[in-house]
Amino acid sequence: MPKAQGLNLGFESADGSAQKKGYKRAGALVAGLSLLFISACARHWSVDTPCASTSQLSDSTMRVLALATSFLSASSLWKGAACSPSGRDAELSSKGLNSNGLTDLVQWDGYSLVIKGQRVYLWSGEFHTWRLPVPDLWPDILQKVKAAGLNAISIYVHWGLSHPSRNTLDFGGYRALQPLFDAAKDAGLWVVVRPGPYINAETTAGGIPHWVTTEVHGHLRTNDTDYHDTWVPYIKAISEVTRGNQITKGGPVIAVQVENEYIQADSPGQPGKAKYMAEVEQAFRANGIVVPLTFNDAYRGNNYVKGEGSVDIYGFDSYPQSFDCSHPDVWKEVEKEYHPYHMATNPNQPLYIPEFQGGAFDPWGPIAPGYDSCRILLGPEFESVFYKHLWASNAKMVNFYMIYGGTSWGYLAFPGVYTSYDYSAAILENREIGSKYTELKRQSLFLRSTPDFYKTDVVGNSTDGTVSLSDPTVFATLLKNPDSGTRYYITRHTNSSSLENTSFTLKVGTSQGALTLPQANAGIALAGRESKLIMADFKFGASSRGLYTTASVLFSGQLAGKDTLFLHGDSKQSHEAALLLSSQSHISSSDTVKVSQIAGGYSLFNVLPGTSGVVTLWESKTQLIIYADSETAGKFWAPVIAPTPSKGKSPVEFANYWQFGSNQTVLVGGPYLVREASLSSLGTRLDLKGDLSGETMLTLIGIPKGVTGLTWNGDSIQTVQSTSENGDSESLVTTAVLRPKLEASAAAFKPPVLKNWRYADSLPEVKKGYDDSHWVVADHKSTNSPRKPYYGSSVLYGCDYGFCEGAVLWRGHFTATGKEKSVNLTINGGEAFAASVWINDQLIKTTYGNSTNNFNIIEETDEVYVFPKGSVVAGRDNVITIIQDNMGLDETQAWDADTSKSPRGIRGYKLNDGVFTQWKVQGKKGGYNQFPDKVRGIFNEGGLYGERAGWHLPQFKVNSWVSRSLSSGLPGNTAGVGFFQTEFDLNIPAGQDVPISFVFDSKYQPYRALLFVNGWLMGRRVANLGPQYKFPVHEGILNYRGKNTVVVALWVMENTGVSPELSLSIDGVYEGGVAKAPAVTNPPWIDRGPIV
């Protein structure tokens, strides 16, 4: 049992020696907590009850036990304690399992996790609920994750969203966690919670609240007191929401990650990193978190494996293809050090990769490739080679970042990315199933139905001579289950990026002696950028055996009482499987499959090239062998059939979880998506729920015994039962035709045309006579940002005045003498920013930042702005007005978290031949302390006049606005800011999932635009940089059966005409969709009082 993390009460000096001052106090606390611990055991457990079976304990008792364990684990009092392992715990200990001493429901060893006594291959996907701000759509994502065969999700929790100001914690609406936990349990998915406090995630400040980056004088992400005081309430609140949803309480949470991607060693001038980590861990424990605490190392750096701040289970992230999708056909090699590093670093824990590359983010820039290129670079071929390389490395805990990326709506993003966070994930930003989903599903269903693979040793590979291959351009790794003896040969090209098609032979060990594969063909085909798993001596179903297979396995198990094996392979290649059949009668070859007998009584099936569709290789009363080409196999689903509760009995705990509540499924081929399968109370009807994209031939394999009726989304369907190959009339293969009730095509849904626009000017700040007397005086003389002003007497950083999101406006006043010719300004807005500078009512010019994609990052500019002739009025008050974009705050860079104290604003100002008398600043209404829209939250609004006034909200009256088309741009073809508003109706029938996007023109033009849909900022279009011009918007923000309001805030940055065009696009039509129509939560405009 590893040492549990204890509370740091200052009893040890820096070198680890006990301080005399606190020694007696520490001993007394240890003894006292020991008595509490033993007393708690006596009250709650009988002698025969495992000590760590904690699900029945109250939260308060669990917190006491967590604290007690922290001390006891480090003391001699632990030895022989009343709650030492006994019974089942002793059995688990004899198996070499580890735990944190707080629960035995989640344990581990060097192979894998063990949940509720069962070995689990954690195969997970990352999902950020806050990037889909419609909680009613979260079940849709989770159902698609589960349908893909994954068994878990990982979630970042955003501190900055939930804790927008010092005295406000808000876990309501899309910030809530309980709906996510409930949906995960309904779907049958485990949850790893990753609440930071720092999360990175390409979000502003890496998730640290803007008020923290502004108000904390000490170092961020250290144990400095003022930083410590900011995160403690957040971690307490997160723990309170999470602790009742831990597996110990019947919930889906199996682990909590502490912090993210951080080093253990102190940085120069920034001590206390490890102490901070330990304090966060202690806060989780003190607030009732008993599941394992984990860590995600940013690289293979041994951080927090041992020593201060170390966690229960260590992991590291890996993005082997990096993030530049500009050359989508160019691969980097697989990383070969995963397994050696694991064995050298934490061999008694599973090899855990909390973030493995499931896609890539895309940067701003005129040559940014876009997510379609990323989907090629990181597509099905990448999944085949790199995901199976994880198998070969013996990784048994993997989380794909991302499984669904979503949208960095509002001002959520950090400066390096645009609004879309599609991430080229398996599930697209608009929630459609993407091109990568199918290969992931094929791999996932294999893992789910092959528990022998959850415990394997790496025996060796073809380089060290353990594996014998005929072709050195092919590389193979051998894994072996030490208990069953099953062998897994994972093959790929030695040069993993090779595009060559090759053929090789492989010598494998089997129960029938050494064999050279293939037996019936000249070689095993390996396409370019393909990886294959070849199995030897494997079991399927209850008792059936396979000698080997060069075909891939989609499913292995029992269906309707028959041992079932579903094989698949590339239709251009040959494939073999040697299987022990229940009999050898009625077996015959065909034009596409040749059958012969080999030693040991095995039947050798040789599937020839060109074989496609579903082929029944063999079916008897006890066995079913299916083969399909991989494309066809990818259209099959294997929904978990939860047990039907018996009358008068409680439902089965974790009923929807494969392994835990049910091992029953049915294979369903054809539909776009199968979300759920269930049996009626008497078990006579099978009810399927899912989505159709058109008429579909439905193939069902393994309908449970006793079923006489079948429904699809509540409607009865007629089926045709096949006849088995050996004459058995009770075939498990059944077919039917599914037809949508409505035409399921985008053409059937014509989106409304966006017209009848109304317009109003939104930059009164540059008009003559504008009154800024109620603006905030910008006169600070110091800042907590380490990046101090270059010149000028006052600090002009927006965040220092509470204005940290979106546009910020500055007004510098001076009384002119007539000698003033220019102003020198250093403006910092973050990568890809812009700022327009006026003298009185005349534009001087706009300064532009730049982005990473063309390798010319510009986050601040230093320029001289020469006043146009006649623009300065001598003897009177003159005003420099600056409107600038804040592109978000930086993430931690080079292990210096204070880089998130980004100096967004004016880092230097100098009036050439003059003196400023005063600077004033204005940003979002109320700043980060008193912003009015609590539903949409802190990141939804910036500081444009129209935003401050609430013009972007539904029901704002625009009667006084003038009619003007958006494509006409601003009046007079001048620079400035204008708001355009229109409304449109939708009437999409219930039961239809219809993804909709707003599409701007793709032309290069000097404007920036904010797209508000029913008050939500769903897009930031930067037409002079790109690349994004299409913005998906979900139902729940869009009202699919009612009125919708769209507002575009158009900032034209040059005195020239622009012609933005905006239209609606129907991205797809799917009948079925989510279980219920998402609630529309779009608070309307209310009078915000005087707008200043």
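In this predicted model, strand β4 (residues 122-127) runs alongside strand β11 (residues 395-404), and the two pair in the parallel sense over five bridges. One spot to look for is S124, which stands opposite N399 in β11. Strands of a sheet pair through backbone hydrogen bonds, and this can happen in a parallel or an antiparallel way.

Zooming out, β4 and β11 belong to an open sheet of eight strands, ordered β9-β8-β7-β6-β5-β4-β11-β10, with parallel pairing. At the edges sit β9 (313-316) and β10 (351-357), each of which pairs on one side only. The sheet isn't flat like a board: on average, neighbouring strands are turned by 25° against each other, ignoring direction. Helix α12 packs on this sheet, where it touches β4, β10 and β11, and its direction makes about 165° with that of β10.

That helix deserves a closer look. α12 covers residues 380-392, so to speak a run of 13 residues, and spans 18 Å from its first C-alpha to its last, close to the 18 Å expected at 1.5 Å a residue. How much of α12 is buried? Eleven of its 13 residues are, so the helix is largely enclosed by the rest of the structure. The buried set is a mixed bag: F382, E383, S384, V385, F386, Y387, K388, H389, L390, W391 and A392. After the helix comes N394, whose phi is positive, near 70°.

Elsewhere, helices meet other helices. Take α8 (residues 225-243) and α9 (residues 273-286), whose axes come within 9 Å and cross at roughly 30°. Their crossing is right-handed. On the α8 side, the contact is made by Y227, H228, W231, I235, I238 and S239, while α9 brings in Y276, E279, V280, A283 and F284. Sorted by class, the residues of this contact are eight nonpolar, two polar and one charged. Why do several of these positions turn up three or four places apart? An α-helix has 3.6 residues a turn, so residues with that spacing point the same way.

S239 of α8 is worth picking out. Its relative accessibility is 1%, so S239 counts as buried, the cut-off being under 20%. Leaving out residues up to four places away in sequence, S239 touches A283, F284, N287 and I289.

A second helix pair is formed by α4 (residues 138-147) and α6 (residues 178-187), with axes that come within 9 Å and cross at roughly 35°. Here, too, α4 passes α6 in a right-handed crossing. What meets what in this contact? W138, P139, L142 and K146 of α4 come up against P179, L180, A183, A184 and A187 of α6. The class count for the contact of α4 with α6 is eight nonpolar, no polar and one charged.

Buried residues aren't just a helix thing. I641 is in the loop between β29 (636-637) and β30 (667-669). Is I641 buried or exposed? With a relative accessibility of 0%, I641 counts as buried. The C-alpha atoms of I641 and S678 are separated by 5.3 Å, although these residues are 37 residues apart along the chain. Setting aside neighbours within four places in sequence, I641 is in contact with S662, Q664, T665, V666, A677, S678, L679, L686 and P704.

Note on methods. Residues numbered from 1 in each chain as written. Predicted model: local features only at pLDDT ≥ 70, side-chain atom pairs only at ≥ 80, totals over all residues. Heavy atoms only, no water. Axes fitted to C-alpha atoms, helices over the stretch in contact; angles between N-to-C directions. Helix = DSSP H or I, 4+ residues; strand = E, 2+ residues; numbered from the N terminus. Left-handed = near helix turned anticlockwise from the far one by under 90°. Contact = heavy atoms within 4.5 Å. Nonpolar A, V, L, I, M, F, W, Y, C, P; charged D, E, K, R; others polar. Expected span 1.5 Å × (residues − 1). Buried < 20%, exposed > 50% of the residue type's maximum accessible area, 1.4 Å probe, protein only. Pairing = 2+ DSSP bridges.
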